[in-house]
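The exercises below concern the sequence and the structure shown here, and each task is followed by a worked solution. Please attempt each task on the structure before reading on.

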Amino acid sequence: MIRGLFHEPVGVDFSRALADGLRTRLETQTPEALARVTVLVSTNRMATRLRAALAEGGATLLPRIGLVSQLEPLLRPGMAPPTTIAPLALRLRLTRLVRGLLAARPDLSPPDAAFDLAGTLQTLLAEMQEEEMPAEALEQIDTRHLSDHWQRSLEFLRIVSSWSEATSGVTAAGVQRAVLSILMQTWADAPPQDPVIIAGSTASRAPTRVLIDGVLKLPQGAVILPGLDTDMPEDAWQALLSGDGPGAQDHPQYRHAALLDTHDTARANCAKWSDHAPAVPARNRLISLALRPAPATDAWRIEGPELTDMAAACDGITLVAAPSPGAEAMAIALGLRAALSRGERAALITPDRTLSRQVAAQLDRWGIEPDDSAGRPLHQSTPGRLLMQVAGMMGRRVESEDLAIVLSHPLTRADARVAHLPRAREVELSLLRDRPCPFPDRDTVLAWARDPETAGQDDDWTAWLADLLDLLIHAPARATLADHVTTHLAAIRHLAPNDGAWVGEAGRRARDVMDALIDAADNSGPDAISGLEYARILHALLSAEEVREGFAPHPDIMIWGALEARVRTADLVILGGLNDGTWPDQPGADPWLNRTMRTACGLRLPERSVGLSAHDFQQAASGPQVWLSRAARNAEAETVPSRWLNRIEGLLSGLGGEASEALKAMRARGDEWLSLAARVDVPDTTVSRAARPAPIVPAAAQPRRLSVTAIEVLIRDPYAIYARSILGLRALSPLRQSPDARLRGTVVHDAMEQFARDMPGPLDGDAAPRLRETLERSLRQTAPWPAMRRIWLGKFDRLMDDLIIAEGARRRIGTPLFLEEEGRLDLPELDFALTAKADRLDDRGSGVAIYDYKTGAPPTPKQQAYFAKQLLLEAVMISEGAFANIPHRRVEEVAYLQVGSKYDEKAVKIDDAVLAETRSGLLDLIRAYREGRPWIARLAPDFLEYTSDYDHLSRFGEWDDTDTAQPTKVGR
């Protein structure tokens, strides 16, 4: 006979104890007796573990194992449960209601958040149905002391809850309640005579409590509680339920106490299910006292000194207080690897998925693939990333960075990958990076492909790319959900034809999500939604799914969630991420009901989830070898230790004596692992930091031609010229192009050049509007950012009057004849040529004026004297006839024209002596390098203003600008 309430104490392998107790009770019966038993557990993982535990005893028949949340298999034939609406379809219906609320109350939330709010509303309605809360309960909430937000929320909930009650028979929670009602009535009319056991449940939900009541009324109905604390004194146990409030719901034993109290069963009368004993009884007593409810912690003074054998209780505990999450992950990985080398099974238990991924990454250095029970969120899988990337590109201009990501995605053109990748690289390097192309479209791609100076090819692949851009750019910005899905799938088929996006387990799961979205799209109604809202809906659906890729993980290294502490045990258990806000997690904010309103309705309080996490912690921390691990700070700030860890440390330090020494030993063991983790990435040999490079280049290998702007760089940073002109290295332009100072300079140069060509003579009254029109045209052609165009145009308007006045004065004494003129000055004695492309040269009849436009600050006189030689070198070239189309060789004026936030002019001193000095300096500079001067990195960088594309190549940072260079001969 199996009947009544049973328990297994903390520190017992619950699944194995359940299996052994079941075999013991049925050992006198025939083998098929086990097959007549029904066992209902909380999770699929517990069901799997129970089957494995039963199979450990050899070949056997298995009981019928089900879940407390899925009772349909228990119904008799012909008792079909009510049909249910798919959860996604229900959420989309709720989204329509929420969208209507936000339209009426736009101050509540952005419209694009409707789907997320519908998810929280769906959870609340499910809880109301589970707890059998009538809609009338909302009417009884006193709203006089509530803010306007909560009053509006309550008004909306009253409408939705009435609708929910009318449709409860088709929601998942309503169907579960209906199935439970049918089952209870069936058992009342004809109770099953075979054993029915509920094992491992804490009865935290109302349907489970109803099911437990029904099972305990059966002739052979039993309930087995996991991790019952038998070390708490009776007065402390009774205090869990005392008072007029909700009780100590954040205590790990609250649910057990409430269940036993409901069934008028004293804890002492709740029998053990098996003969399994706790792994470390002294540990159980320590943790039981440490986790005593806050109002009862004065018992530490009374009961603490009575704790014995603290050394044995703490001997298996290692306390890891890492300085950072990275150090914590490394130490945990080392502990898991060490356990594996000892032939032990080890498990990391943490709710922190970031930590678990970091640990898995560290284990990968030793080729260890942990058995991660949670798998990976679907949106982080290969097809999930493609779906999310494409969804974010639909209905707007495609950015270069996004296009490059999509073209390089492993699923894109997987059917012709070998031919596709070289073409994708050509597009990235030649079009997206080398040209100002932040927003590529069909026209820019085809123009690039047909340009003979590019690497493009006007062929089928280029047409495929142009069609892809059309699909994405011309997707409707606002459309119904069904239309968004249709457009999205068309783009995916174009990228990955022949169902190439749906391969593997992740692909099949992603396809299922898209199919479910198609099936449920009609529930979203005819209202158009934005592309942003569609992307948020898709992200919510994909992130809610988990996928385990096809691989063979190591069977003895596991990563578990907190719930699995009830199910499995290992030789070494590491509880990671023990920080407040992570374990326990902070209860999420409820946008619909605050705490007072939930209490008035009789709904679950946030402390319930904290209590369940505390129960998981208590069971996991009672194993033979346990690590308690945390990081003292995260990427943003210092962290707060978990309240449970704080209590254990506080109790041990307060007890003093043996307990205090045990705490020191726990910390010392953790410090040893942290010390080992800190040494993992320390190289075996010390590598000296790089010296400041100064290559000495043979004269035959030196450049035979440099521009006037390159001469400035040669003076400031010879190594940059060495890397660019001798080694032939070029920095790639960024994929994510931005309206920077360089582009603004290009815009101004183009506009001023075109204005001078359109109006070469003296200025008239139309000069200002024509110049502004020219600038607008240049902005449209070069800067495709509307907001930045307005900002730059506004700055230009502020200096327009001053610029026109100054330009008129220049036009009265000269005429702009040569714009972007190219020149070359040969220096045969050095086998060298100086080149230039002058911004503007004005013909004054008797001579030439040289102007250079600057959107930033012009060089100072000191900078001009030392390295800003561009205009003076151009003057030298003019004086020596380097510009073939310029008849005059006399330079009358050299000036910088600042066209930035303000208009200003900076004249450069020019006379025969300056020209002679400049020419002589150029010859001396080139001759010095021909004769062996080292090409020193950052020779005169003008520290705060200079950065080089080649700083990483010279390993700048290992040395600084004050270090002495070390000349080194290179080449042959």
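A residue is called buried under 20% relative accessible area, exposed over 50% and partly exposed in between, with a 1.4 Å probe and protein chains only. The structure is a predicted model, in which local features need pLDDT of at least 70 and side-chain atom pairs count only at pLDDT 80 or more, whereas totals for chains, interfaces and linings use all residues. Residues are numbered from 1 along each chain as its sequence is written, and side-chain values use heavy atoms, with hydrogens and water left out.

**Exercise 1. Decide whether C270 and C314 are buried or exposed, and state how many disulfides the structure holds.**

Begin with C270, whose relative accessibility of 3% makes it count as buried. Continue with C314, which has a relative accessible area of 1% and is therefore buried. Finally, apply the disulfide criterion, a pair of cysteine sulfur atoms within 2.5 Å; the structure holds 0 disulfides.

**Exercise 2. Find where confidence is lowest and where it is highest in the chain.**

The score is pLDDT, the predictor's confidence in each residue, from 0 to 100. The chain average is 86, and 96% of the residues score at least 70. Helices (H or I, at least four residues) and strands (E, at least two) are DSSP runs, numbered from the N terminus. On that numbering, the lowest confidence falls in helix 6 (residues 148–166), with a mean of 74, and the highest in helix 14 (residues 325–341), at 95.

**Exercise 3. Trace the open sheet that contains strand 7, and identify which strands stand at its edges.**

Two strands pair if DSSP finds at least two bridges between them. The sheet has 6 strands in the order 7-16-15-8-14-9, with parallel pairing. Strand 7 (317–322) and strand 9 (371–372) each have a single partner strand, so one side of each is left without a neighbour in the sheet. Further in, strand 8 (residues 346–349) runs parallel to strand 14 (residues 557–560) and is joined to it by 4 bridges, with L348 having I559 as its bridge partner in strand 14. Helix 15 (residues 353–363) packs on this sheet, touching strand 8, strand 9 and strand 14, and its direction makes about 165° with that of strand 14. Contact here means heavy atoms within 4.5 Å, while axes are lines fitted to C-alpha atoms, for helices over the stretch in contact, and angles run from 0 to 180 degrees between N-to-C directions.

**Exercise 4. Repeat the analysis for the open sheet that contains strand 3.**

This sheet has 6 strands in the order 3-2-4-5-1-6, again with parallel pairing. Strand 3 (64–67) and strand 6 (271–272) are the edge strands, each pairing on one side only. Strand 2 (residues 38–41) is joined to strand 3 by 4 bridges, and V41 stands opposite L67 in strand 3. Helix 2 (residues 44–55) packs on the sheet and touches strand 2, strand 3 and strand 4 (196–199), its direction making about 165° with that of strand 3.

**Exercise 5. Classify the aromatic pair of F6 and W273, and say which parts of the chain it ties together.**

Rings of Phe, Tyr and Trp (its six-membered ring) pair if their centres lie within 6.5 Å; planes under 30 degrees apart count as stacked, over 60 as edge-to-face and the rest as tilted. The structure holds 10 aromatic pairs. F6 and W273 are 5.2 Å apart centre to centre with 80° between the planes, an edge-to-face pair. F6 lies in strand 1 and W273 in the loop between strand 6 and helix 11 (281–290), so the pair ties together parts 267 residues apart in sequence. Both F6 and W273 are buried.
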